[in-house]
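Dear colleague,

Please find below the structure that I am handing over to you, together with its sequence. My notes on what was found in it follow directly after.

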Amino acid sequence: MPATQRLRSWRQRTFRSLRVPNYRTFFAGHAVSVSGTWMQRVAQDWLVLELSDSAIAVGVATALQAVPTLLLGVWGGVLVDRLDRRRTIMGTQAVSAALAAVLAVLTLTGAVELWMVFALALGLGLVTVLDVPARQAFITEMVGPEDYVNAQSLNSTIHNLGRLLGPAAAGLLIAWAGSGLAFAVNAASFVGVLASLWRIDPDRLRRGEPAPRRKGQAMESLRYVWRRPDLRACMLLVAVVALFGQNFRVVLPLFARDVLGGGAETYGWLTSALGAGAVIGALGSAARERVSTWSLLLWTGGFAVASMLLAGAPGLAVALGLLVGLGVTNICFNTLARVLLQLSVDASMQGRVIALHATVFLGSTPIGGPLLGWVCEQFSARAGLFLSGLAPAIASLALLPTLRRLRRRADEPAAPAAAVEPGTRTTLT
């Protein structure tokens, strides 16, 4: 096939979800908001470091945003399965905008104190309990199952373009005018996503029947995942990578300051390099047509290697290159994990299983953030990064026998179309 035809085919596969009007509208609004979100994350981390001069405090601020998901995440999924997801997201995004505006005012007026940042971080965490599972599950209302991986990957692409541009802009803004302006920009950016949600046509959404109210719905998702070896393996890998590997907001500010001898600008560039790799990885994932638990294991191993190599980076140039690679492996792992869960569960369970994923993914931060902060303070930022890679490597090796068995089952002669083995429901066209 000529190169131009291959390029055209890749482009059609990669951006196919944008042909859906509702998804295209949602995507545009998300693109407006996401850079502001990343600006706030970098500004908040740097503000906490300035107010406290403590890596543990940075970890605590990050953890406070995750504690509500850890404690309430599964029940948030129960509500998402019952409520109108579009209206739920509109509410959570409006509250997020208000919280960003309050932090902007406090910082710009010089009234901000560390406890205030902690309180607002906790408030944002409470919003996240509903926002994350609602946004992830809402994808399944806008596109068909054949486009789940594509739509999730395109969301990841724009999310990580924000990670690429937002931190660099935040670093410059912080150096020029302080953190307050970055918070103000984020508050204003929510106008775009709220407008896009308002413009979505509800009649063209693929809504299922709301889950009926009954006792035990939260625990039902735990039993559902536990009975499936492929889902158990997926959740375990997500837990280990999230607990040890993805606390970038704790480790990278210290790596920028203590190892590379830089300031907020250096931290912004490091985060942008991570975002650049994530964009590359997300675009690659968008063109995929098959996913499997085996591929998830391989990307976990790649993430582990990249983290451990970064721990030994001798300077900024090498660190930026390794962070691009870490961003690729990180986003491929995260995208595949979410898509595997969405494809492998019944529609009536999607909100709860995705919320369980969010509980594991975000809820591990209250433990992992302070733990990595303590390791960095007691030893060094390099030690924190090495641990970030070592733990996922051990988890990958431990799960290797289980996933090899699942892979052998997938390679066996196909059963009738309606009887797909757990762990092999991977075809995407």
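A salt bridge joins aspartate 53 and arginine 257, and their closest N and O atoms are 3.0 Å apart. This bridge links distant parts of the chain, since aspartate 53 lies in the loop between α2 and α3 (55–64) while arginine 257 belongs to helix α11 (residues 248–259), 204 residues apart. Please keep in mind that the model is a predicted one.

The two partners differ in their cover. Aspartate 53 counts as exposed because its relative accessibility is 55%, and the cut-off for that class is over 50%. Arginine 257 has a relative accessibility of 30%, so this residue counts as partly exposed.

Aspartate 53 also deserves a look for its backbone. Most residues other than glycine have a negative phi. Aspartate 53, although not a glycine, has a positive phi of about 55°.

Arginine 257 has a further partner: its side chain meets that of aspartate 258 in a salt bridge of 2.9 Å, N to O. Aspartate 258 is partly exposed, with a relative accessible area of 48%. Through shared partners, salt bridges join Asp53, Arg257 and Asp258 into one network.

Helix α11 itself is mostly covered, with nine of its 12 residues buried. The buried residues in α11 are Phe248, Arg249, Val250, Val251, Leu252, Pro253, Leu254, Phe255 and Ala256. Just after α11, glycine 261 takes a positive phi of about 70°.

How many salt bridges does a search of the whole structure find? The count is four. One of them is formed by arginine 85 and glutamate 141, whose closest N and O atoms are 3.6 Å apart. Here, too, distant parts of the chain are linked: arginine 85 is in helix α5 and glutamate 141 is in helix α6, 56 residues apart.

Are arginine 85 and glutamate 141 buried or exposed? Arginine 85 has a relative accessibility of 9% and therefore counts as buried. Glutamate 141 is buried because its relative accessible area is 7%. The cut-off behind both statements is that buried means under 20% relative accessible area. As general background, side chains of opposite charge can pair when their charged atoms come close.

Helix α6 (114–142) returns in several of the remaining findings, beginning with the aromatic rings. The structure holds five aromatic pairs. One of these is formed by phenylalanine 26 and phenylalanine 138, which meet edge-to-face at 5.8 Å centre to centre, with 70° between the planes. The pair links distant parts of the chain, with phenylalanine 26 in helix α2 (residues 21–52) and phenylalanine 138 in helix α6, 112 residues apart. Both phenylalanine 26 and phenylalanine 138 are buried.

The next topic is the cavities. There are four cavities of 30 Å³ or more. The second largest cavity holds about 60 Å³ of space. Which residues line the second largest cavity? Its lining is made up of Gln40, Gln44, Leu99, Ala100, Leu103, Val117, Leu120, Ala121 and Leu124. The elements giving two or more residues to this lining are α2, α5 (85–108) and α6. With four residues, α6 gives the most to the lining of the second largest cavity.

The last finding is on the surface, where Leu70, Leu71, Leu72, Leu122 and Leu126 form a nonpolar patch. Together these residues have about 430 Å² of accessible area. Helices α4 (67–82) and α6 each supply at least two residues of the patch. The largest share, three residues, comes from α4. Leucine 126 is found in helix α6, and this residue counts as partly exposed because its relative accessibility is 47%.

When you open the structure, I suggest following helix α6 through these findings. Phenylalanine 138 in α6 pairs with phenylalanine 26 in α2 across 112 residues, glutamate 141 in α6 is linked with arginine 85 in α5, and α6 also supplies at least two residues of the nonpolar patch.

With kind regards

Definitions and conventions: Residues numbered from 1 in each chain as written. Predicted model: local features only at pLDDT ≥ 70, side-chain atom pairs only at ≥ 80, totals over all residues. Heavy atoms only, no water. Patch = residues over 30% accessible without salt bridge, like charges linked within 9 Å, V, L, I, M, F, W, Y side chains within 5 Å. Areas by Shrake-Rupley, 256 points an atom, 1.4 Å probe, with all protein chains shown as cover. Buried < 20%, exposed > 50% of the residue type's maximum accessible area, 1.4 Å probe, protein only. Phe/Tyr/Trp six-rings, centres within 6.5 Å; stacked < 30°, edge-to-face > 60°. 1 Å grid on protein atoms, 1.4 Å probe; cavity = no way out; pocket = protein on both sides within 12 Å on 5 of 7 lines; lining within 4 Å. Points joined across faces, edges and corners; volume = space filled by probe spheres on them.
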